[in-house]
Amino acid sequence: MLSRYLRLLGVQLRASSLLAMQYRGDFLLEGLISLFWTGTALAPLFVVYGDRGSIAGWSFGEALLVVGWFTLLQGVLEGAITPSLNGVVEHIRKGTLDFVLLKPADAQFLVSTTRFLPWRATNVLTGIGIFIYAFHLLGRGPSIPGLFAALVLLATSTLLLYSLWILTVSAAFFVVRVDNLTYFFQSIFDAARWPAPIFKGALAFVFTFIIPLALMTTFPAEAMLGRLPLKSLVAAVVGSCVFAFVSRRVWLRSIGHYTSASS
Amino acid sequence: MSLRTAVRAFPTLLRVGVSEALAYRAELIVWVLSTTMPLIMMALWTAVAREAPIGRYGAPDFVGYFLATFVVRQLTGAWAAWQINFEVRQGTLAMRLLRPISPLWSYAAENLGAFPMRLLIAVPVTLLSLSIVGGQAVPQHWWGWPMLLVAILGGWLITFLANVAIGTMALFMESSQKLMDVWLVLFFVFSGYMYPVELFPPLLRSIADWLPFRNQIGLPVELMTNKHGLQEALLMLGRQWLWVLVMGVFAITLWRRGLRRFAAFGG
């Protein structure tokens, strides 16, 4: 069973990389766009830190680490998660999801592996560049166990992002016109650009428990600085697993509600 | 396709637009939810201003500013670029071209049709802002109100015409989606949507003054929160409407040239 799905994943990956190889110019373009994006993403940071050393206990260099994680995850999100799930929204609108549902494999697996944009990996490179610059500013290196913790957190964040996307797409089954769901999601994810302790009150609650943005960018940044408590790491792993489980249940439920629009 | 027929048909088109907005209210809610950035920025900037004010903005000023930003964004929204891009690629633009009135009028009517529904959100938020910030949340002088209305109309026109221009680019290139994304990022940075333009470092600030983006959000918001005197406000309104004119000529010329390239098959 597992080997069959692995083989299927291989096939889908090969198909989309072949597609991407056709447009090698995209590599350069994506790189440029990614740099441009990062530049504009940094602009507010420069304005905020214009004449003060730290905000909510985060210095400029430390906040840069958060931006680095944001950029990196944006690459993961836009390169591996969004493209195929945008396809689902299209399927739902056109009523062609039936063709996917009829195939003898898990529908969620199929819809989430159909399309990758490998050139978006340039975002990951930009993120790593920001890390190097940030540590240069801080005048020290990352902590080694912290780096491993950060890698674990990268996995949990990806899982979280993916689950959040599945939840958003599930909403597409109930909302009539959904072209702008992508923008909705992006605008929420945008808040992850800032260190979580900045947010107070209601927003802090929402961003920690309902939409766990803190976990995606602030935790890994803290881990690299070597100040993330072990308790938080465990909570992140458990939390993201629970989140994935919930999104899976919701997806199955929405599929159950789906009535083809075409026939 | 004379202007007279267009003007006569416009009220009907508007009514259609309003009922369409009513029919797709769920989508409108999703859209409103996706414009929550001012609220996030509000949290951020009030945290920054807690120790000491920045420029002339203290924590309550930021609350007023960003609630006004939220309101203005609702009232100046347009999505014609996505519509045109989609209809060009699907070829359904042909249907619109069959009508005896320019499609631009019907796009405008559809986009404006959401206005009453958006007021339902904008008015309570303004009242909330009034209750938190006090009188500073709305214009203090009598002349502030008509100016605010003119500024909102100008802001909407610039947003809409930019949408038309970018959407039309789909006729020249495969898809104008990427172009729209680039426009949006510039808009977010330079419009005053994420922070008041006057907080920029001097160089960026003078760039922002010359670009069209500030006229879309920043100017109406600044007028709403009483940031300018009468003379300064008049000068800025003049600059805004100059942009409306430039964008109008540019968008319509582009549209006319683009249509010549349009060839839809099937139908």
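Me: How many residues does each of chain B and chain A bring to the contact?
Reply: The structure is a predicted model, in which local features need pLDDT of at least 70, side-chain atom pairs count only at pLDDT 80 or more, and totals for chains, interfaces and linings use all residues. Residues are numbered from 1 along each chain as its sequence is written, chains are lettered from A and ligands numbered from 1 in the order in which they are written, and side-chain values use heavy atoms, with hydrogens and water left out. Contact means heavy atoms within 4.5 Å. On that basis chain A gives 30 residues and chain B gives 37 residues.

Me: What area is buried between chain B and chain A?
Reply: Buried area is the accessible area (1.4 Å probe) that two parts lose on being put together, summed over both. Carbon and sulfur atoms give 70% of the area here, and the total is about 3000 Å².

Me: Which three residues supply more of the area that chain B buries against chain A than any other three?
Reply: Together these three supply 19% of the area that chain B buries against chain A. They are B:Glu27, B:Ile40 and B:Leu44.

Me: Which element gives the most to the side of chain B that touches chain A?
Reply: Helices (H or I, at least four residues) and strands (E, at least two) are DSSP runs, numbered from the N terminus. The elements of chain B with two or more residues on this side are helix H2 (25-33), helix H3 (37-48), helix H5 (80-90) and helix H10 (177-190). With nine residues, the element that gives the most is H3(B).

Me: How many nonpolar residues has the side of chain B that touches chain A?
Reply: Ala, Val, Leu, Ile, Met, Phe, Trp, Tyr, Cys and Pro count as nonpolar, Asp, Glu, Lys and Arg as charged, and the others, Gly among them, as polar. The side has two polar and six charged residues, and its nonpolar residues number 29.

Me: How many salt bridges does the rule find across the interface of chain B and chain A?
Reply: A salt bridge is a side-chain nitrogen of Lys or Arg within 4 Å of a carboxyl oxygen of Asp or Glu. Over all chains the count comes to eight salt bridges. Across the interface of chain B and chain A, the number is zero.

Me: How many residues apart are B:Glu198 and B:Arg56?
Reply: Their side chains meet in a salt bridge (3.0 Å, N to O). B:Glu198 lies in the loop between H10 and helix H11 (202-210) of chain B, and B:Arg56 in the loop between H3 and helix H4 (59-75) of chain B. The pair thus links distant parts of the chain, and the separation is 142 residues.

Me: How many helices and strands has chain A?
Reply: Along the sequence, chain A follows the pattern α-α-β-β-α-α-α-α-α-α-α-α-α. The secondary structure of chain B, in turn, comes to 14 helices and zero strands. For chain A the counts are 11 helices and two strands.

Me: Why does the radius of gyration of chain B agree with a compact globule?
Reply: The radius of gyration is taken over C-alpha atoms, and the globule rule is 2.2 Å times the number of residues to the power 0.38. The C-alpha atoms of chain B fill a box of roughly 65 × 40 × 35 Å, taken along the principal axes. Because a compact globule of 267 residues would have a radius near 18 Å, there is agreement with the value for chain B, 19 Å.
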